[in-house]
Amino acid sequence: PGTAGRYDGIQPHPDVAVGASLRLAYVDTADDGRSASVFPMQSDFQLAVRPYNPAGLNGGRLTLYLDAGFQGSRGEEFDGFADRAFVREWWAMFHDLPYQLYARAGRFLPNHGWRLADHTTFTRSGQAIFGQPFDFERQVTGVEVGINPNYLYAHASVFNAADQWDQ
């Protein structure tokens with residue numbers, strides 16, 4: 001641990017990382033009178049930038065992260081294409097410190113349970129956190145710190161559990 005050889009030549013902390021994911025759904029319910037539709041269940045674009053990214057390991061680095069996408073729904077609240085756009089997560093994190101210590105601030109999914117893309121799993125459905133529904137779509141805005149030296153770990157968060165990012 002803590003050596004470049006551990007990663008077998010792979011750069012573990014690139015200056016820029018880009019990702020994307022897409023999951024489509026086909027809905028055709030003959031009994032509701034509506035036509036069939038195909039829409040994105042998940043469509044995300046992720047971008048991570050490290051403005052402070054020293055070559056050495058375990059000395060600390062700063063990562064800025066953004067996860068934006070489009071939400072698929074046949075709900076009334078989605079009137080047009082622009083209404084479906086959202087920012088799932090955005091945060092700044094100082095990490096790669098000794099004992100895997102980190103601090104993060106912004107909008108994120110708090111550490112709780114398993115982070116699965118399926119919001120209907122038993123580990124997410126029906127749960128609430130401070131009275132708000134808690135599934136894969138329920139990010140919070142706040143600050144989090146954590147340490148994970150190996151098997152013993154701890155995370156602590158202070159956040160606003162409001163369902164809407166601007167509340």
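This report describes the fold, the salt bridges, the nonpolar core and a surface patch of one protein chain, as seen in a predicted model.

**Overall fold**

The protein chain contains 9 strands and 0 helices. Its elements follow one another along the sequence as β-β-β-β-β-β-β-β-β. The chain has 167 residues, and 29% of them count as buried. Taking contacts between residues at least 6 apart in sequence, 50% join residues at least 24 apart. The exposed surface of the chain comes to about 10800 Å², and carbon and sulfur atoms supply 60% of that area.

**Salt bridges**

Side chains of opposite charge can pair when their charged atoms come close. In this model the count of salt bridges is 4. Three of the pairs are set out below, with the N to O distance and the separation along the sequence.

| Pair | N to O distance | Places in the chain | Separation |
|---|---|---|---|
| R88 and D44 | 3.0 Å | R88 in strand β4, D44 in strand β2 | 44 residues |
| D96 and R61 | 2.8 Å | D96 in the loop between β4 and β5, R61 in strand β3 | 35 residues |
| E144 and R104 | 2.7 Å | E144 in strand β8, R104 in strand β5 | 40 residues |

The pair of R88 and D44 links distant parts of the chain, with strand β2 covering residues 37-52. R88 has a relative accessible area of 2% and is therefore buried, the limit being under 20%. D44 is buried as well, with a relative accessible area of 6%.

The pair of E144 and R104 also links distant parts of the chain, and strand β8, where E144 lies, spans residues 140-147. E144 is buried, with a relative accessible area of 1%. R104 counts as buried at 10% relative accessibility. Salt bridges that share partners also join D44, D67 and R88 into one network.

**The loop residue D96**

Where does D96 lie? D96 is in the loop between β4, residues 85-95, and β5, residues 102-108. Is D96 buried or exposed? At 13% relative accessibility, D96 counts as buried. Its salt-bridge partner R61 is buried too. Because D96 sits in that loop and R61 in strand β3, their salt bridge ties together parts of the chain that are 35 residues apart in sequence. Leaving aside residues up to four places away in sequence, D96 touches H13, G56, L57, N58, G59, G60, R61 and L101.

**T63 in strand β3**

T63 belongs to strand β3, which runs over residues 61-70. T63 is buried, with a relative accessible area of 3%. The T63 side chain makes a polar contact of 2.9 Å with the side chain of R50. Which residues does T63 touch, not counting residues up to four places away in sequence? They are A48, V49, R50, W91, A92, M93 and H95.

**The nonpolar core**

In soluble globular proteins, nonpolar side chains tend to be buried together. The largest nonpolar core in this model has 7 residues: A48, Y65, W91, M93, Y102, F108 and V140. Two or more of the core residues come from each of the elements β4 and β5.

W91, one of the core residues, touches T63, L64, Y65, R104, A105, G106, R107 and F108, not counting residues up to four places away in sequence. Its contacts thus include the core residues Y65 and F108, and also R104, the salt-bridge partner of E144.

**A nonpolar patch on the surface**

Some nonpolar side chains lie at the surface instead. V16, V18, F45, V49 and L64 make a nonpolar surface patch of about 410 Å². Strand β1, residues 16-27, and strand β2 each supply at least two residues of this patch. L64 is found in strand β3. With a relative accessible area of 37%, L64 is partly exposed, whereas T63 in strand β3 is buried. Two of the patch residues also appear among contacts named above: V49 touches T63, and L64 touches W91.

Methods:
Residues are numbered from 1 along each chain as its sequence is written. This is a predicted model: local features need pLDDT of at least 70, side-chain atom pairs count only at pLDDT 80 or more; totals for chains, interfaces and linings use all residues. Side-chain values use heavy atoms; hydrogens and water are left out. Helices (H or I, at least four residues) and strands (E, at least two) are DSSP runs, numbered from the N terminus. Buried means under 20% relative accessible area, exposed over 50%, partly exposed in between (1.4 Å probe, protein chains only). A polar contact is a pair of N or O atoms within 3.5 Å; within protein, one must be able to donate a hydrogen and the other to accept it, and residues adjacent in sequence count only if both atoms are side-chain atoms. Contact means heavy atoms within 4.5 Å. A nonpolar core is a set of buried Ala, Val, Leu, Ile, Met, Phe, Trp, Tyr and Cys residues joined through side-chain atoms within 4.5 Å. Accessible areas come from the Shrake-Rupley method with a 1.4 Å probe; for residues, only the protein chains shown count as cover. Patches are made of residues with over 30% relative accessible area and no salt bridge: like charges are joined within 9 Å, nonpolar side chains (Val, Leu, Ile, Met, Phe, Trp, Tyr) within 5 Å.
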